[in-house]
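Please examine the sequence and the structure shown below. The paragraphs that follow lead through them step by step, beginning with the surroundings of the ligand.

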Amino acid sequence: MTDILEVTDLEVTYQRSIRALHGVNLRVAKGQITALLGANGAGKSTTLRAISGFIGLDNARVTAGYVRYFGEDITGLQLPKTIHKGIVLVPERDKVFTNLTVAENLEVVSTTRAEGSNWRQIEDEIFVYFPRLAKLRNKPAGLLSGGERQMLAIGSALVCKPSLLLIDELSLGLAPVIVDEIIERLRDIHARTELSILLVEQSAAVAFALASYGFVLENGKVELEGATQDLRTNQKILELYLGTG
Ligand code: ATP
């Protein structure tokens, strides 16, 4: 299987001296959903920021290692160049413009799209993926539930036509019923588009519901990886993430 993304021995340092990643190695196979698991502070968000070019905004630097995308070295490539290459991040916080309506949120993001596309067509496409958003199109995003905002954030990312979608904490703070709906929507989007997705999750159950392969990050290093069907029964995972074992 071809890898769309290869991260090799990646080190990231904040403020010149705080080393957050100590040589991360991971891959995302083309057309697959891959999960990145790990405890708080393990370095999941930093990894996604380094891949997506958000990193310079946070006084952080890649100090060693490589990020390769479709075989091309893109280490240290910054926004918006990463977006133009098709790498789009749904961040953990500040996902949507709360004072704009759902439709306006999607419209604002559409200006980043390189080719001139019909705005209505883009909007309709996103509403097919998230029918719930269609009903909310004129509502300010600040009045949406957490789950609806997450859908809007993913929808906004899809407006950019990603080849690789990075999602930071898909389910964090959301009610289980809406998490199930988001999982179902993402499965549908994945089936329609064969989008490659790297999903950061604190819930192993959510990660396993979506991903075919997973990596477990501990203290800035990948300590475990495997097909999710194998990770599901791994003793360490059972103890750490599923509260059993
Ligand atoms: P969480 O789920 O809590 O966000 P995480 O696995 O995403 O955890 P990161 O946010 O990537 O972990 O943090 C990895 C390490 O980098 C932590 O030790 C954290 O304190 C440090 N770190 C993160 N952001 C910064 C920053 N802006 N300045 C300095 N250190 C930072």
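The shell of residues around the ligand is made up of five nonpolar, six polar and four charged residues. The model is a predicted one, and every value given here is to be read with that in mind. Which residues of the shell come nearest to the ligand? Of the 15 residues around the ligand, they are Gly-41, Gly-43, Lys-44, Ser-45 and Thr-46. Two elements of secondary structure, β2 (residues 18–29) and α1 (residues 44–52), each supply at least two residues of this shell. The largest share comes from α1, with three residues.

The contacts themselves may now be considered. A polar backbone atom of Gly-41 is 2.7 Å from an oxygen atom of the ligand. For Ala-42, a polar backbone atom and an oxygen atom of the ligand are 3.1 Å apart. In Lys-44, a backbone N or O atom lies 2.9 Å from an oxygen atom of the ligand. How much of the ligand does the protein bury? Taken alone, the ligand exposes 630 Å², and the protein buries 70% of that area.

The strand β2, which supplies at least two residues of the ligand shell, also belongs to a sheet. This sheet is open and consists of four strands in the order β2-β1-β4-β5, with antiparallel pairing. Why is one side of β2 and of β5 left without a neighbour in the sheet? Both β2 and β5 (residues 72–73) stand at the edges and have a single partner strand each, so one side of each has no neighbour there. Elsewhere in the sheet, β1 (residues 3–14) and β4 (residues 60–69) are paired in the antiparallel sense over eight bridges. Within this part of the sheet, Tyr-14 stands opposite Ala-60 in β4.

Two loops deserve attention for their backbone geometry. In the loop between β4 and β5 is Phe-70. The phi angle of Phe-70 is near 50 degrees, which is a positive value in a residue other than glycine. Further along the chain, Pro-80 is found in the loop between β5 and α2. The peptide bond that runs from Leu-79 to Pro-80 is cis, with omega near -5 degrees.

The last feature to examine is the largest pocket, whose volume is about 450 Å³. It is lined by 22 residues, and those closest to its centre are Phe-54, Leu-89, Pro-91, Lys-95 and Val-109. Which elements each supply at least two residues of this lining? They are α2 (residues 81–85), β6 (residues 87–90), α3 (residues 102–110) and α6 (residues 146–159). The strand β6 gives the most, with four residues. As for the character of the lining, 15 of its residues are nonpolar, five are polar and two are charged.

Note on methods. Residues numbered from 1 in each chain as written. Predicted model: local features only at pLDDT ≥ 70, side-chain atom pairs only at ≥ 80, totals over all residues. Heavy atoms only, no water. 1 Å grid on protein atoms, 1.4 Å probe; cavity = no way out; pocket = protein on both sides within 12 Å on 5 of 7 lines; lining within 4 Å. Points joined across faces, edges and corners; volume = space filled by probe spheres on them. Nonpolar A, V, L, I, M, F, W, Y, C, P; charged D, E, K, R; others polar. Near = heavy atom within 4 Å. Polar contact = N/O pair within 3.5 Å; in protein donor to acceptor, adjacent residues only side chain to side chain. Areas by Shrake-Rupley, 256 points an atom, 1.4 Å probe, with all protein chains shown as cover. Pairing = 2+ DSSP bridges.
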